Amino acid sequence: MAHVQVSNNITIGILALQGAFAEHQTTLQKLSFQKKIVVVLVRTAEDLSVCDALIIPGGESTTIALLAKLAGLLEPLQTFLQNKSVWGTCAGAILLAQAAENTKKGGQDLLGGISVTVARNGWGSQVESFEAPLSIEGLRDPTTPFMGVFIRAPVVLALHPSTENPPIEIIARLPINLVPKLQNLMVHDEGDSGPHNSQSIVALRQGRHMLTTFHPELTNDSRFHEYFVRTCVLPTLL
């Protein structure tokens with residue numbers, strides 16, 4: 001019988017082509033699990049091949065997509081998504097979406113993986129960035145709000161649930177009184193202006209994948225990174 005070697009490490013890659021990858025690295029290195037977390041800054045397909053999971057950071061989604069294409073990473077990333085966990089924050093959330101609106105002229109490449117439509121810069125420009133406390137049941141110490149940092153954040157326009165894909169689990173919403181007014185966007189659920197409007201969704205999971213429209217890495221709070229490892233990554237390694 002062949003001997004199967006079980007690693008004592010969890011190797012998490014961070015796509016390090018542009019954006020806030022260093023901040024994700026710093027936060028991951030604070031986490032403590034029974035298995036040691038090894039962080040790999042992913043810039044090539046070879047880097048990606050050693051990873052158990054991947055984080056796509058915030059930054060500029062069009063630039064990240066272009067650099068990934070130039071590095072020959074688009075197809076390896078799409079293949080990676082089929083088998084391993086990926087978390088996209090802000091720009092990374094756009095890249096994980098099934099469809100995106102408000103993109104630059106000519107559109108942009110998307111990786112897909114999560115059945116949603118998002119709008120790039122959905123809340124407006126850099127000067128319209130904001131922070132908001134989020135109540136999230138799945139985090140450690142859920143009674144303590146997580147401060148969401150929204151910088152040129154995308155907005156979720158629509159969910160596309162399907163029996164062919166894992167169910168979509170909403171992790172966090174903006175309090176309805178804090179949802180900015182949308183401008184110049186095609187709203188897919190226009191008749192729904194209540195607290196369950198898709199535009200209030202700021203974090204969700206579908207199967208092993210997760211997206212957040214805000215930047216958990218720009219806080220000193222590591223609970224969202226812990227949540228990703230605990231709920232999305234570790235179950236795939238069992």
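A nonpolar patch, as I shall use the term, is made of residues with over 30% relative accessible area and no salt bridge, their nonpolar side chains being joined within 5 Å. I begin with that definition in order to introduce one place on the surface of this protein chain, which is a predicted model.

The patch in question is formed by Leu66, Leu67 and Leu70, and together these residues have about 290 Å² of accessible area. Leu66 belongs to helix α3, which covers residues 61-70. Is Leu66 buried or exposed? Leu66 is partly exposed, since its relative accessible area is 49% and the partly exposed class lies between 20% and 50%.

Let me now turn to the chain as a whole. The protein chain has six helices and 12 strands. Of its 238 residues, 48% are buried. The chain exposes about 11600 Å², and carbon and sulfur atoms supply 51% of that area. As for contacts with a separation of 6 or more, 74% of them link residues that are 24 or more positions apart.

Next, the open sheet. Seven strands form it, in the order β2-β1-β3-β4-β12-β11-β10, with mixed pairing. The edge strands, each pairing on one side only, are β2 (36-42) and β10 (168-173). From one strand to the next, the twist averages 20°. In general, the strands of a sheet pair through backbone hydrogen bonds, in either a parallel or an antiparallel sense. At the β10 edge, β10 pairs with strand β11, residues 201-206, in the antiparallel sense, and five bridges connect the two. Within that pairing, Ile170 has Leu204 of β11 as its bridge partner.

I come finally to strand β6, residues 114-119. How many of the six residues of β6 are buried? Six of the six are, so the strand is largely enclosed by the rest of the structure. Both of its faces are covered: one side carries the buried residues Ile114, Val116 and Val118, while the other carries Ser115, Thr117 and Ala119, which are also buried.

Which strands pair with β6? Strand β5, residues 97-101, runs parallel to β6 and is joined to it by four bridges. In this pairing, Ala97 stands opposite Ile114. Strand β9, residues 155-159, pairs with β6 in the antiparallel sense, again over four bridges. There, the bridge partner of Thr117 is Ala158 of β9.

To close, I would set two places side by side: β6, with six of its six residues buried, and the surface patch of Leu66, Leu67 and Leu70.

Technical notes
Residues numbered from 1 in each chain as written. Predicted model: local features only at pLDDT ≥ 70, side-chain atom pairs only at ≥ 80, totals over all residues. Heavy atoms only, no water. Buried < 20%, exposed > 50% of the residue type's maximum accessible area, 1.4 Å probe, protein only. Contact = heavy atoms within 4.5 Å. Areas by Shrake-Rupley, 256 points an atom, 1.4 Å probe, with all protein chains shown as cover. Pairing = 2+ DSSP bridges. Axes fitted to C-alpha atoms, helices over the stretch in contact; angles between N-to-C directions. Patch = residues over 30% accessible without salt bridge, like charges linked within 9 Å, V, L, I, M, F, W, Y side chains within 5 Å. Salt bridge = Lys/Arg side-chain N within 4 Å of Asp/Glu carboxyl O.
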